[in-house]
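Q: Could you take a close look at one helix pairing in this chain for me? I would like to see how the two helices sit against each other and what the residues between them do.

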Amino acid sequence: MTMKPANPLLRMSCMALLVYIGFAILLTVLQDQFIYFPSRASEKRLLHEASSTGLEPWRDADGAIIGWKGAQRGAPAANRMIVFHGNAGYAVHRSYFVKGFESIDAGKTWEVHLFEYPGYGARAGKPGEAVFKDAANAALRNLLGAGRQPVFLLGESIGTGVACHVASEFPNEVAGLVLVTPFTSLPDVAAHHYPFLPVRMLLSERYDNVAALKKYHRPIAFLLAGRDEVIPAKFGRSLYDSYAGAKRLWTQEDATHNDLDYDPRAAWWRDVSDFLLTRGAAAPD
């Protein structure tokens with residue numbers, strides 16, 4: 001009996017299906033490597049790098065370094081801010097947030113703390129949403145126990161997911177938020193980049209900022225990059241529109257994801273500061 005050769009189109013379709021399934025499995029298994037891009041360094045190197053940029057260690061109750069802060073000069077600042085950085089590099093690389101906010105009123109208004117994620121810099125651990133959130137909650141408790149000045153949070157990129165979570169867990173303790181290049185949820189962003197995959201079902205990391213902010217009612221400043229190629233500005237605008245509390249939106253229309261204007265002389269630092277402090281003072285407990 002003579003066998004009919006397989007239909008070439010059917011064979012190609014089967015191969016394409018296998019490739020599709022294989023890529024979906026790869027994305028699921030290795031999703032952390034698609035999301036997190038940590039840089040590692042020894043504590044000794046980080047201490048030297050931090051000192052050279054005017055930073056000093058932020059330590060927890062056990063003396064472990066959990067981040068960095070601007071070197072204190074004179075009396076403590078009136079307000080404190082914790083920065084949760086984006087998914088690449090490590091916290092010392094975000095010294096521009098310290099310089100920007102601490103340049104206001106010669107450092108009398110803001111004291112900035114750069115939180116470091118587990119698995120980044122010299123911190124032990126493996127990056128992941130649950131790990132980040134637990135460590136961030138502990139860092140806020142640490143800071144709340146170290147003084148009575150109001151505490152604000154700033155999230156950058158994926159750090160907006162951490163900041164929104166902490167705000168939802170401590171809605172009365174967090175006086176306000178700054179969200180830089182934020183998004184609605186991680187699956188929304190992933191679906192934008194991989195529209196041909198069922199990423200909403202595959203992703204275990206969620207960072208659902210819309211849901212988190214339903215539990216929060218203090219002022220939020222939004223800063224978007226108009227030409228953001230990583231987290232398109234439409235996601236930040238959607239998050240802004242969904243938030244029911246006091247809010248204000250800044251958009252740097254020509255900026256991409258990694259070239260926002262962080263010059264400490266830029267006007268938006270004081271604008272954001274004034275908004276937070278004015279609306280934060282009026283916010284209910």
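A: Happy to help: what follows goes from the whole chain to one helix pair, and then to a few other places worth a visit.

Please keep in mind that this is a predicted model. The chain has 11 helices and 10 strands. Of its 285 residues, 51% are buried. Among contacts with a separation of 6 or more, 74% join residues 24 or more positions apart.

Now to the pair itself. In general, two packed helices are described by the angle between their axes and the distance between the axes. Here the helices are α5, residues 129-144, and α6, residues 159-169. Their axes come within 10 Å and cross at roughly 55°. An angle from 65 to 115 degrees would count as roughly perpendicular, and one under 35 degrees as roughly parallel; α5 and α6 are therefore oblique to each other. Their crossing is right-handed.

Which residues meet there? On the α5 side they are F132, K133, A136, N137 and L140, and on the α6 side G161, V162, H165, V166 and E169. By type, the residues of this contact divide into five nonpolar, three polar and two charged. The general rule for the spacing is that an α-helix has 3.6 residues a turn, so residues three or four places apart point the same way.

K133 deserves a second look. This lysine is found in helix α5, and because its relative accessibility is 17%, under the 20% limit, K133 counts as buried. Leaving out residues up to four places away in sequence, K133 touches G161, H165 and Y207. G161 and H165 belong to the α6 side of the pair.

For another view of a helix with buried residues, turn to α10, residues 233-242. Its buried residues are A233, F235, G236, L239 and Y240. Seen down the axis of α10, they fall within an arc of 160°, so they line one face of the helix. The elements covering them include strands β8 (174-180), β9 (220-225) and β10 (247-252), along with helices α7 (186-193) and α9 (209-213).

Finally, R45 offers another charged residue to set beside K133. R45 lies in helix α3, residues 43-52, and is partly exposed, with a relative accessible area of 48%. Apart from neighbours within four places in sequence, R45 is in contact with R40 and Y90. In sequence, R45 and G121 are 76 residues apart, yet their C-alpha atoms are 9.6 Å apart in space.

Note on methods
Residues are numbered from 1 along each chain as its sequence is written. This is a predicted model: local features need pLDDT of at least 70, side-chain atom pairs count only at pLDDT 80 or more; totals for chains, interfaces and linings use all residues. Side-chain values use heavy atoms; hydrogens and water are left out. Axes are lines fitted to C-alpha atoms, for helices over the stretch in contact, and angles run from 0 to 180 degrees between N-to-C directions. Helices (H or I, at least four residues) and strands (E, at least two) are DSSP runs, numbered from the N terminus. Angles under 35 degrees count as roughly parallel, over 145 as roughly antiparallel, 65 to 115 as roughly perpendicular and the rest as oblique. A crossing is left-handed if the near helix is turned anticlockwise from the far one by less than a right angle, and right-handed if clockwise. Contact means heavy atoms within 4.5 Å. Buried means under 20% relative accessible area, exposed over 50%, partly exposed in between (1.4 Å probe, protein chains only). The arc is that of the directions from the helix axis to the C-beta atoms.
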